[in-house]
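Me: I should like to learn how to read the features of a protein model. May we go through them in order?

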Amino acid sequence: MATTASDRTISDSINTSPVLQDITNQALDPDKSDPGSKKELINFLRGWPSPSLLSPSILQSATTALLSDPSLFVPALQYGPDPGYQPLREELAVWLGRQYSTETKSEQICITGGASQGLACVLASFTDPSYTQTVWASAPCYYLACPIFEDAGFGLGRIKAVPEDQEDGIDIDLLETMLKHYRHVVYLVSTCSNPSGTTMSLQKRKQLVELARKHDVLVVSDDVYDFLQWTILPHPDASSPSKPGPLLPRLSDVDLSTPPSTTEIKEGKWFGNAISNGSFSKLLGPGLRTGWVHGTPDFVMGLSQTGATRSGGAGSQFAAALLAEVMKAGELERHLQETVRPGLQRRHGIIIETIKQELGELGVTVAAQDKGRFGGYFVWLTLPEGLDGKRVAQKARQEEELILADGEMFEVSGDEQGAKFRGNIRLSFSWEEEHKIREGVRRLGSVLRAMLEKIQ
Ligand SMILES: Cc1ncc(COP(=O)(O)O)c(C=O)c1O
């Protein structure tokens, strides 16, 4: 049976680490530091874009254009079609096709209320806990996906961890041995994973789609960081193009480009085995609550028939209309190119440089920095032998006014033994400004040094 929101509140208060409770408090009062401390709070936990990465003027112009023209504002303010606001589907088809260098059609796109709501609707329409045996989550796992699976009826014990390897994502051979007799969902962030930063190689993408077809699997890839990739800077002040060349095809592209066998076509329909769950949250602002799912036209049509969507139309109709205006004016690409990618690229350069200077000699290592390109919001650190991430996070909060995420948070709920991350921490570099990123890493260095001295 699905855990309800109230069950979760109860179990959270029993199981949640003090650090996580702290985080919850922080979410209510985001900028609160200890009144007794002289230090300014630094938040390396928050996976939000910093205010300096937002461009309200773009939305202001699009809103003026939208609200001045009845042919635009009337449909924008009415109930919309089930698969979403058609002009946005068309803009996305052109833009995504260009980004991934693949042909993308509007009928392959369903507008959603963002990746989280997209995932919930996919599970509501395409899984059934009495038929779908298991959700396989790549681990370390985006921790807020687990409650979405629980709400869909995949409670504790029904979500299993598939460990990622350091190189390029989940272990396909291990997954194959685990899948043998079941119908399944595999959930992962195939590009610039949250939290580990790893990106799955093209070869593994192909293997995973092949496996999905063989074992009746729906692969859901949260592709929310695909457009936030850059060339790694030799040092933060180096000038370098922020866009690192062609993107890898989505798992849904790999699936769509491989023709289905006759057994994969059911009653004349081809639902496919992999979908891409995209979002505007990290592109233009999470408050827009708009995203899209890319999959086969039959999958998209099925998704658009989710009960809650049929009563009212696709989520975020007004925001979708606004976003269509932004895209028509070419402002999305300009904002990514001029503000978001360079801003994140520099922050990433700074955090890596400071980690090398302050934490390198302590034996801290950083995942996924060896490919010349990186992306997303997070770096994933492995702590020196003997240090526990949760203790480090507690001490950082208590002694240094520094909030960070310990590795345990990214273990798969109910299958913590499947893949353990007690020796890891995740640092977000998207939220804090540059001087606070440097200062935060220095504070982390002080915490680690003091802890290491005690155990030596
Ligand atoms: C992997 C992943 N999926 C989904 C989300 C949430 O996306 P949305 O804001 O579109 O619901 C996040 C946000 O941090 C994320 O990191």
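Reply: Let us begin with a term. Helices are DSSP runs of at least four residues, numbered from the N terminus. Please keep in mind that this is a predicted model. With that term, one helix can be described: E399 and K395 both lie in helix α16 (residues 389–400), 4 residues apart, or about one turn of the helix.

Me: What does E399 form with K395?

Reply: The general idea comes first. Side chains of opposite charge can pair when their charged atoms come close. In this structure, E399 and K395 form a salt bridge, with 3.2 Å between the closest N and O atoms.

Me: Is E399 buried or exposed, or partly exposed, and what of K395?

Reply: The reading depends on a cut-off: buried means under 20% relative accessible area, exposed means over 50%, and partly exposed lies in between. E399 has a relative accessibility of 43%, so E399 counts as partly exposed. K395 has a relative accessible area of 15% and is therefore buried.

Me: How many salt bridges does the structure hold?

Reply: The structure holds 25 salt bridges. One of them joins the side chains of D165 and K204, at 2.9 Å from N to O. D165 belongs to strand β4 (residues 159–165) and K204 to helix α9 (residues 202–214), so this pair ties together parts that are 39 residues apart in sequence. D165 is partly exposed, at 30% relative accessible area, whereas K204 counts as buried at 10%.

Me: Where do the partners R422 and E408 lie?

Reply: R422 and E408 form a salt bridge whose closest N and O atoms are 3.4 Å apart. Both R422 and E408 lie in the loop between β15 (405–406) and β16 (424–428), 14 residues apart, and the pair links distant parts of the chain. R422 is partly exposed at 31% relative accessible area, and E408 is partly exposed at 25%.

Me: Which residues are joined into one network by salt bridges that share partners?

Reply: They are E358, E439, R442 and R443.

Me: How should I read the surroundings of a single residue such as N43?

Reply: One may ask where the residue lies, how accessible it is, and what its side chain meets. N43 lies in strand β1 (residues 42–43). Its relative accessibility is 4%, so N43 counts as buried. A polar atom of the N43 side chain lies 2.8 Å from the backbone nitrogen of L45, and a polar atom of that side chain lies 3.0 Å from the backbone nitrogen of R46. Beyond neighbours within four places in sequence, N43 is in contact with I403, W431 and E432.

Me: Which residues come nearest to the ligand?

Reply: For a ligand, one looks at the surrounding residues and then at individual atom pairs. Of the 13 residues around the ligand, S116, Y225, S279, S281 and R289 come nearest. The shell divides into 5 nonpolar, 5 polar and 3 charged residues. As for atom pairs, a backbone N or O atom of A115 lies 2.7 Å from an oxygen atom of the ligand. In the side chain of N194, an N or O atom is 2.8 Å from a ligand oxygen, and a polar side-chain atom of R289 lies 2.5 Å from an oxygen atom of the ligand.

Me: How much of the ligand does the protein bury?

Reply: Taken alone, the ligand exposes 400 Å², and the protein buries 92% of that. The elements that give two or more residues to the shell are α6 (115–126) and α11 (281–284).

How values were computed
Residues are numbered from 1 along each chain as its sequence is written. This is a predicted model: local features need pLDDT of at least 70, side-chain atom pairs count only at pLDDT 80 or more; totals for chains, interfaces and linings use all residues. Side-chain values use heavy atoms; hydrogens and water are left out. A residue is near a molecule or strand if one of its heavy atoms lies within 4 Å of it. A polar contact is a pair of N or O atoms within 3.5 Å; within protein, one must be able to donate a hydrogen and the other to accept it, and residues adjacent in sequence count only if both atoms are side-chain atoms. Accessible areas come from the Shrake-Rupley method with a 1.4 Å probe; for residues, only the protein chains shown count as cover. Ala, Val, Leu, Ile, Met, Phe, Trp, Tyr, Cys and Pro count as nonpolar, Asp, Glu, Lys and Arg as charged, and the others, Gly among them, as polar. A salt bridge is a side-chain nitrogen of Lys or Arg within 4 Å of a carboxyl oxygen of Asp or Glu. Buried means under 20% relative accessible area, exposed over 50%, partly exposed in between (1.4 Å probe, protein chains only). Contact means heavy atoms within 4.5 Å.
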